[in-house]
Amino acid sequence: MAARDRTLSAAFRPLDPGAAQLGYAVDGVPAQAPAGSSIAGALLLAGYRVIRRAPADGAPRAPYCMMGACHECLATVDGVPDVQTCLTPLRKGMQVSLGGHGAA
Ligand code: FES
């Protein structure tokens with residue numbers, strides 16, 4: 001199971017604190033994020049520090065560019081592996097797994 005870091009979640013603020021909250025799950029753990037968030041943004045806001053692990057050496061990886069260039073944000077979403085979570089809008093009920101493709 002992926003570890004959450006509450007100090008990390010405290011470092012991020014939603015752009016619109018009044019936005020409706022969307023429920024989703026990370027490795028089966030319920031979470032919420034403001035509507036309009038990317039999945040990566042939601043994960044960072046929730047305090048997930050490690051999104052995947054490098055296939056070569058298992059080093060922890062996390063979203064870096066937030067614009068589709070680095071591929072450090074890959075996760076399995078609703079059973080689809082290697083989704084670029086920084087480019088994918090969060091939808092209600094999404095099931096995010098951080099355990100695929102060498103992920104955390
Ligand atoms: S954070 Fe770089 S591609 Fe998603």
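Before I start, a residue is called buried here if 20 or more other C-beta atoms lie within 10 Å of its own, with the C-beta atoms placed from the backbone. By that count, 34% of the 104 residues of this protein are buried, and I should say at once that what we are looking at is a predicted model.

Let me go through the overall layout. The protein has 2 helices and 7 strands, and, reading from the N terminus, the order of these elements is α-β-β-α-β-β-β-β-β. If we take the contacts between residues with a separation of 6 or more, 50% of them join residues that are 24 or more positions apart.

Now to strand β1, which covers residues 21–26 and runs antiparallel to strand β2, residues 29–34, with 6 bridges between the two. Within this pairing, Leu22 of the protein sits opposite Ala33 in β2, and in the hairpin, where 2 residues lie between the strands, Asp27 has a positive phi near 50°. Strand β1 is also joined to strand β7, residues 95–97, this time in parallel and through 2 bridges, and there Val26 faces Val96 in β7.

I would like to finish with one residue, Arg61, which belongs to strand β4, residues 60–61. Why does Arg61 count as buried? Arg61 has 20 C-beta neighbours inside 10 Å, and therefore it counts as buried. Leaving aside residues up to four places away in sequence, Arg61 touches Val50, Ile51, Arg52, Arg53, Ala54 and Glu72. As for Val50, it is 11 residues from Arg61 in sequence, while the C-alpha atoms of the two are 5.5 Å apart in space.

Definitions and conventions: Residues are numbered from 1 along each chain as its sequence is written. This is a predicted model: local features need pLDDT of at least 70, side-chain atom pairs count only at pLDDT 80 or more; totals for chains, interfaces and linings use all residues. Helices (H or I, at least four residues) and strands (E, at least two) are DSSP runs, numbered from the N terminus. A residue is buried if 20 or more other C-beta atoms lie within 10 Å of its own, exposed if 12 or fewer, and partly exposed in between; C-beta atoms are placed from the backbone. Two residues are in contact if their C-beta atoms, placed from the backbone, lie within 7 Å. Two strands pair if DSSP finds at least two bridges between them.
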